[in-house]
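The following exercises concern a single protein chain. Each task is followed by a solution in steps.

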Amino acid sequence: MYPMTTSAVPGPRGPVTRKDVARFAGVSTAVVSYVVNGGPKRVAPATEAKVQDAIRRLGYRPNAAARALKLGSSETIGLVIPDNSNPFFSLLAHAVEEAAADLGYALVLTNSDGNVAKERRNVRNLAARQVDGVIVSSVLMEPGAADFESAEVPVVLLNHSAEAPGFNSVGVDLVAGARAAVEHLIGHGHTRIALAMGTNTGNYYDGREEGWLQALAGAGLPEGPIVRTPFTREGGYAAGKRLLAAAERPTAIFATSDLQAVGILRALHEAGLSVPKDMALASFDGSAEAEYSWPPLTTVKQPAKAMAEAAVNALIGTGRGNTPEHLIFPADLQVRQSCGCP
């Protein structure tokens, strides 16, 4: 046994093994395993403290590859999102990480940059690293089974409002959320409401556009102008400039993401317009950007935590292996000042 002193500890040559920790702590390798893995047998607190002390002194790091081989699981999942610099996707990724950690899993995060080819490549790369499954926020509304089957890894679609046959999918009611936001603007007396519609390489139908149309039709109003730009601050800024240059300027804008709305705010401020006095604005996502912009944005909040937990549960929790389901969560309109409310 190594001497238990507070001075420098003579460590073994090469990588520290479980046997080295057991010798140092004066216990069996099985006890070390119980401490490292949190079971299956309980270890007396004093004995566990000795093992933890040995681990700390020797700098022992469990062999994740060996553990994965023994368990038949890497206890790791992958996540593919369009852009983790987008505050909403950052929030969503954090919620997925927490939900996975609650089940004892680590998370590997990748970005597709809104590109279909990169999204597929990321899924294949994660599968090659033996993750137990992948959660994908796809740029496609209706990915085919062949898009993911070649990776030979379970896939759950997150932030996905349309049903995808063969896959578990989790999303939010885009149509109802957008309709509520536009109806709120109509309630302020606006009759010419523009849509700043986000785009990506998928260029698919988006329920937020349908919700905008339904709200206008329900109030007997004509369709306002539509500008299609990326789901970014720069995209929103460009949308704002184009709408301000329109022959018939709208009096309100519904932006399909908070980031777009932040860019629109800059365009409006540069034009010397007051929000909401000269132009009302509402957006979608419910990120921190909306709360801390000026004025604070009225926005449709997506339940990121609940959506993430549902996706993780479908992949590695109690829903694993069940018949694929499509779960849709309601969105919540958070009223702030940009719409005209005090």
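**Exercise 1.** Determine whether L315 is buried or exposed, and describe its surroundings.

*Solution.* L315 has a relative accessible area of 4%, so it is buried (under 20%; exposed is over 50%, partly exposed in between, with a 1.4 Å probe and protein chains only). The model is predicted, with pLDDT of at least 70 needed for local features and 80 or more for side-chain atom pairs, while totals for chains, interfaces and linings use all residues. Residues are numbered from 1 along each chain as its sequence is written, and side-chain values use heavy atoms, without hydrogens and water.

Next, place the residue: L315 belongs to helix α13, residues 304-316 (helices are DSSP runs of H or I, at least four residues, numbered from the N terminus).

Finally, list its contacts (heavy atoms within 4.5 Å). Beyond four places in sequence, L315 touches I77, G133, V134, I135, P154, V155, V156 and R320. The C-alpha atoms of L315 and P154 are 7.1 Å apart, although 161 residues separate the two along the chain.

**Exercise 2.** Establish whether Q260 is buried or exposed, and identify its polar partner.

*Solution.* Q260 is buried, because its relative accessibility is 0%. The residue sits in helix α11, residues 258-270.

Its side chain makes a polar contact of 2.7 Å with that of T256 (a pair of N or O atoms within 3.5 Å; within protein, one must be able to donate a hydrogen and the other to accept it, and residues adjacent in sequence count only if both atoms are side-chain atoms). Setting aside neighbours within four places in sequence, the contacts of Q260 include A196, T229, F231 and A255.

Key: Helix = DSSP H or I, 4+ residues; strand = E, 2+ residues; numbered from the N terminus.
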